[in-house]
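Please open the model in your viewer and keep the selection tool at hand. The tour below moves from one selection to the next and says what is to be found at each stop.

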Amino acid sequence: MDEAVKHTEAKAVLDSYIEGQGKRKTPERYVIMDIVLDTDGHHSADEFYARMPQTFPISRATVYSTLNLLEEAGLVYSHQVQGRTLYERAFGIEPHHHYICKGCGRIWNFKNKSVEEAATTCRTPRFRKMRCSVYIYGICDVCHARIYRLK
């Protein structure tokens, strides 16, 4: 997806959500959204805060509350990993799952058709599925080698 189109479409999603909730459209929310859209991977709110332009002062609290708003609007996913909340862009991203190393905390995305098919075909009475995310915890090769050398 073209970057300009991605930002325009995401802005429309956020506009619609904010209007529907009766909230204010603040420039801070859109700057934070743009930074999230331009960032790949899984990041903490503090990492997004560090990416804010120096010419546009925003409080850490504003970053946290905006990330929550973006998640409610469906533009961001949050993940609880080793006691931290990490965020990743949801808009324009295909469904995927995660490997998480219990040693270093690194996260890798992976796609698996059988997981998607199972989530799609399983019956969920009186429950509307919104998304499926699978986390597979283990030890990456680097951490495994380090542990093996220590033994």
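Two strands are said to pair if DSSP finds at least two bridges between them. With that in mind, and remembering that this is a predicted model, begin by selecting strands E3 (residues 97-101) and E4 (residues 107-110), which pair in the antiparallel sense over four bridges.

**The sheet**

Now add strand E5 (135-138) to the selection, and you have an open sheet of three strands, in the order E4-E3-E5, whose pairing is mixed. E4 and E5 are the edge strands, each of them pairing on one side only. If you look along the sheet, the twist from one strand to the next averages 20°. As background for what joins such elements, strands of a sheet pair through backbone hydrogen bonds, either parallel or antiparallel.

**Across E3 and E4**

Select tyrosine 99 next, and find tryptophan 108 in E4, which stands opposite tyrosine 99.

Which aromatic rings should be shown after that? A search of the whole structure finds two aromatic pairs. For one of them, display the side chains of tyrosine 99 and phenylalanine 110, whose ring centres are 4.3 Å apart and whose planes meet at 20°, so the pair counts as stacked. Tyrosine 99 belongs to E3 and phenylalanine 110 to E4, and the pair links distant parts of the chain, with the two positions 11 residues apart. Switch on the surface to see how the partners are placed: tyrosine 99 is partly exposed, at a relative accessible area of 38%, whereas phenylalanine 110 is buried, at 11%.

**The cysteines**

Select cysteine 101, cysteine 104 and cysteine 140 and show their sulfur atoms. How many disulfides does the model contain? The count comes to zero, given that the sulfur atoms of a disulfide must lie within 2.5 Å of each other. The sulfur of cysteine 104 has its closest cysteine sulfur in cysteine 101, at 3.7 Å, and this is too far for a bond. For cysteine 140 the closest cysteine sulfur is again in cysteine 101, at 3.6 Å, which is also too far for a bond. Is each of these two residues buried or partly exposed? Cysteine 104 counts as partly exposed, with 42% relative accessibility, while cysteine 140, at 12%, counts as buried.

**A charge over a ring**

For the last stop, select lysine 11 together with tyrosine 30: lysine 11 lies over the face of the tyrosine 30 ring, at 5.2 Å from the ring centre.

Notes: Residues are numbered from 1 along each chain as its sequence is written. This is a predicted model: local features need pLDDT of at least 70, side-chain atom pairs count only at pLDDT 80 or more; totals for chains, interfaces and linings use all residues. Side-chain values use heavy atoms; hydrogens and water are left out. Rings of Phe, Tyr and Trp (its six-membered ring) pair if their centres lie within 6.5 Å; planes under 30 degrees apart count as stacked, over 60 as edge-to-face and the rest as tilted. Buried means under 20% relative accessible area, exposed over 50%, partly exposed in between (1.4 Å probe, protein chains only). A charge sits over a ring if NZ of Lys or CZ of Arg is within 6 Å of the ring centre and within 35 degrees of the ring normal. Axes are lines fitted to C-alpha atoms, for helices over the stretch in contact, and angles run from 0 to 180 degrees between N-to-C directions.
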